[in-house]
Structure formats: C-alpha cells, structure tokens
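Biologist: I would like a close look at the charged and aromatic side-chain contacts in this one. Please walk me through them pair by pair, with the cut-offs as you go.

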Amino acid sequence: MAGTSVDTSVEPEEKSHVAQLFGRDSAYLAIWAVQLLCAALLTPILTRVLGAEQFGAVTSANAVMQIIFILAGFGLQEAVQREHSGHDNLLGARRLIGFGLLAGAALTFTGWATVGLWSGPLGLADSLGTVKLAVIWAGLSAVTNVSLGLLRSQDRLAAFAVVGLMQSVVAEAVSLGLSKAIAPTANNFIWGQTIAQGLALLIALVLIPPAFVRPRDVEFIGRSLLFALPLVPSTLATFVLTSSDRLVVESALGSAEVARYQVAYNVAGMPMLLLSVLSSAWMPRFFSIEEEGQRGAVLRDSRDALSRLMVPVILGFGFGAPLVLRVWAPAEYRPDDLQVLVSVVLVTVVPFAAQLAVTRTLMTYGRTGSIALANFLGAIVNLGLNLLLIPHFGLMGSAIATLIAYIMVWLFLAWAGRDVSPGRAPISLLLQMVGACAIALIAATVPESLPVLAGRVILGIATVGWFVMIFRQISKTPVHEPSVVEESVEVPMLTEVTTFSARVPVRVPAIGRATVKRPARLEETARIYYGGRYI
C-alpha cells in the first residue's frame, strides 16, 4: 500500500436529492393537483346539469371504471419506473408498456364481454351501455397510466402534462359539452371521457412507442410481474379501505349522513390525497439511486422533510376547516356539527404519511407482497371497526375506525420493513406533529364567534407563511459531493508494476464526523483491472 490521501476540496451540487424531490419532482404533483381541482370544481356543475338520477349513474360507472382500471393496469406503472430508473433499461420499460397494452386490452375485452353477468348483482342491469363504456374507458386509462409512468421516469414534464391534462381537464370539458349539446345523460358524459381518454392514449403511445414482446422475454416479463402483480390486490385493498366506510354509513345511517361524511372527508382528506400522489411522483428518483446507503439517507431525509411540512399543514387545516365547511357545505349539512369529525379525519394524515414512507422504502427493495398484505389487513380492520363503531358513535365512529386502520397498516409495514428501515424520525419532530394534532383537535371544539373566526383567518394565513418558509428551505438545500479517498495499490503484473487508484466516497454529514467506507478486497479489484479495462 503506497498511501492514503483525503481530498477535502468539495464541489457543491446545485441541489440535493431531497431538494429535487421538493422541487422539480413535485412539479408533477401540481399537474395532478390541477386534475383533482378540475374534478372537484366540476362536481357542483354536474349535479345541476345531469340531475340526481343521471349523476348517480355517472358515480356508479366511475366506481366500475376505478376497479377495472386497477385490474387492467397490472401494477405495471411502478414496474416500468423501476426498470427504467432502477435498472437503466429503457427498452425493457418499453417492452413492459407493450405487454401492458396487450394484457390491458385482453382484460378490458373480457370485462366488456361479460358485463351482462356481473352488472346485475351490482344493481347496474338498467345501464348496461353506460357500464360497457366505463369498462372501455378504464382499459384505455390503465394503459395510459403505464405510459405516464415512463414519461415521469424520463422527467418529460411537458409531455406528461399534455397527456395528463388531456385525460382530465379536456375529458371533463368534452363530457360536459356532450351532455349540454346532445342530452344530459350519463351515457353522453361517459362517452366524452372515453373519447378524450382514447386521444390521451394515442398521444402517449406516439411519445413513447411500445416495444414488441418476444418469446425470449418471458423470463423478463415474469420477473417484472413478480414485482408488479402484488400491487393490484394492494391497490384494491386501499380502494376498499378508503370507500368501505361510506358503504357502512349508507347502510346504517342513510344517504344524508353519507353526504355529510363525504363533505367532511373532502375537506380534511385533501392532504392524504396529495401525499399519495406525491409519493407516486417521487418513486423514480428512489429507484434511480443505486447505492444502498445513499438511497436510505434520501428516504429518511425526505420523510423527515415532509413531516416538517405537515406540521403547518395540520395546523392550517385545523384552523381553517370551519371556514371551508361554511363555504363548501349548505346549511342543511349542519357544517358546525362536522368540525370535530373533520379534525379526526385530518389527524389521520399522520399514520397515513408514516405508512406511505415505509411503503416507499419497501417498494425500492421490491417487497410489494408485504405492502399488499398490509393493505389487505387494513381494509379488513377498517370494515370490521366500521361495522362495530358506526351503530354506537355514528359518523365519528367511522372516522375513528379509519384512523385506527391506518395506524395498524403503518405498524405492520414498519414491522415488515424493520430490516431495511432508514432510521427513526427525530423525537423533536414527532413531538411537533403530536402537538399540531392536539391543537387541531382542540381548535375544533372552540365555539364559533366573530373574534374566533377572525383569529382562525389570521392563524391560517400564518401557517401558510410557515409552510412556504420551510418549503423554500428544503427546496434550496445544497448537497456536497462526498469527499474522496484515493488508495493506491502497487500490483505486480507481468514484468511491470501498475498503480491502481480507487475513488472511495466519504459521506460528510452536516453534524458529526466524516466516515470513510473502504471497499472490501481493494487489492483484488486492482489485480483484475489494467489498462482501462477489466482482464
């Protein structure tokens, strides 16, 4: 060994992985947020254009669409991102899109051809035409979603936006236009969705042409499906977890209470919805980080940064929810009586975010089976607790059941991923989140008056400023290239002596000592490398 020297001249990058997660990567969240906002704003218009009966038919068709969409997607969006970002295999990702196109078409045709068999038990026998259109809409959407996964992985923001807005904003406009121009029926509305979704798929396939799947690719497809298929029951279980409470409330308390519960969930559940979309948008970056230690650090730091942002979010929603309820819900919904319910739904975001953080970690290690099992158990727990609590506690029982179910999902996932955990969150951060939840719950019990409403407005604005300040700090956090240790090894090779230098990364934390991780068996590595090539 000739010697060891440490290069302490560190060149800063523009931004760290965490900063990019909250910067460029979060731009995809904005596109999804536009789609969600468009759907939310369209709802009151549709209820007036279509009428109660036709709007109900649209709601039922949309439920069918969501289930077929999950099945026809085969969990391939994440598999495509993992293949491209994690394995740097663009051709393999395109082959998965080609496979998804064939498999999605086969499942969609099967669903379409058998509508008559399963629509009756679901109470949809009177709207077969609309349901068949919904099945086609779902199949087109599923394949489009797989293609969007690769566009996101390639960081093609403009192309992603074109396809995403075509299947959402444009689709809503076309559907509403057909309903106004021809007839205000559910069938015309779903036709508009299907036409726009077909155009979105066509654009996606032009932007990313799928590759043919050859017989020799069977092993590759099988390996990808081992990762992807467990995500199908996982997503279905999540769908059940988030919707079964409405069904139990409908059965036990009636349609009016379902409407009140839905309004409360629409207000307080928005952070959970955005977190779910954000987590999906982040996955390509996690897949792309090859070094296990660095990936764990990014998973941990991004989780903690997101938790820092959640503190003002919880407080802001806690202070502002009563104001939003007054605007969102008519007087017959009794919004004042929903404030405590909204606060319970709101604090559910804490275990929800925790289980998403563990899910991201398990996903990067390919352990999708554990994710599926946890969500399945969560759905069972949620359904059972709803049946048990709603008859005694009404809507509050449903909110508590969902809170407990998400805590159970988080605990199970944390146990399943204990061997790959990137580390625990700081105690101070956990205390901040607990304090924010406590304040939100207390704020919901304060009697309303003009001074209280004014205080809510002031505190709500303050939390927005706090959120912006934290976000700017995170998005501008620089990263330093790790220091490098050069170890020179003199290796006799033939009749000459060759010096081999290995660049060894050193992680320099913000606080603490720098540590050098010397590669194992450096000399052996040196012996097989000579003249710029391995021999």
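Modeller: Happy to: salt bridges come first, then the ring pairs, then the charges over rings.

A word on the ground rules: this is a predicted model, so local features need pLDDT of at least 70 and side-chain atom pairs count only at pLDDT 80 or more, while totals for chains, interfaces and linings use all residues. Residues are numbered from 1 along each chain as its sequence is written, and side-chain values use heavy atoms, with hydrogens and water left out.

Side chains of opposite charge can pair when their charged atoms come close. The structure holds 7 salt bridges, each being a side-chain nitrogen of Lys or Arg within 4 Å of a carboxyl oxygen of Asp or Glu. Let me start with aspartate 419 and arginine 367, whose closest N and O atoms are 3.1 Å apart. This pair links distant parts of the chain, 52 residues apart: aspartate 419 is in the loop between helix H17 (395-416) and helix H18 (427-443), and arginine 367 is in the loop between helix H15 (349-364) and helix H16 (368-393). Helices here are DSSP runs (H or I, at least four residues), and strands would be E runs of at least two, numbered from the N terminus. Aspartate 419 is exposed, at 57% relative accessible area, whereas arginine 367 is partly exposed at 25%. Those words follow fixed limits: buried is under 20% relative accessible area, exposed is over 50%, and partly exposed is in between, using a 1.4 Å probe and protein chains only.

Another bridge joins arginine 456 to glutamate 448, with the closest N and O atoms 3.0 Å apart. Here arginine 456 is buried, at 5% relative accessibility, and glutamate 448 is partly exposed at 24%. Arginine 300 pairs with aspartate 301, the closest N and O atoms being 3.3 Å apart; arginine 300 is partly exposed at 23%, and aspartate 301 is partly exposed at 31%. Salt bridges also link Arg95, Arg214 and Asp217 in a network.

Now for the rings. A pair of aromatic rings is described by the distance of the centres and the angle of the planes. Searching the whole structure gives 10 aromatic pairs. Rings of Phe, Tyr and Trp (its six-membered ring) pair if their centres lie within 6.5 Å, and planes under 30 degrees apart count as stacked, over 60 as edge-to-face and the rest as tilted. Phenylalanine 22 and phenylalanine 471 are edge-to-face, at 6.3 Å centre to centre and 80° between the planes. They link distant parts of the chain, 449 residues apart: phenylalanine 22 is in the loop between helix H1 (17-21) and helix H2 (27-73), and phenylalanine 471 is in helix H19 (residues 450-475). Phenylalanine 22 is buried at 2% relative accessibility, while phenylalanine 471 is partly exposed at 28%. Phenylalanine 352 and tyrosine 406 are also edge-to-face, 5.2 Å centre to centre with 90° between the planes. That pair links helix H15, which holds phenylalanine 352, with helix H17, which holds tyrosine 406, 54 residues apart. Phenylalanine 352 is buried at 8%, and tyrosine 406 is buried at 4%. Ring pairs also connect Phe22, Trp282, Phe286, Phe467 and Phe471 into a cluster.

Finally, charges over rings, where NZ of Lys or CZ of Arg is within 6 Å of the ring centre and within 35 degrees of the ring normal. Lysine 132 lies over the face of tryptophan 112, 4.9 Å from the ring centre, and arginine 152 lies over the face of tyrosine 28, 4.4 Å from the ring centre.
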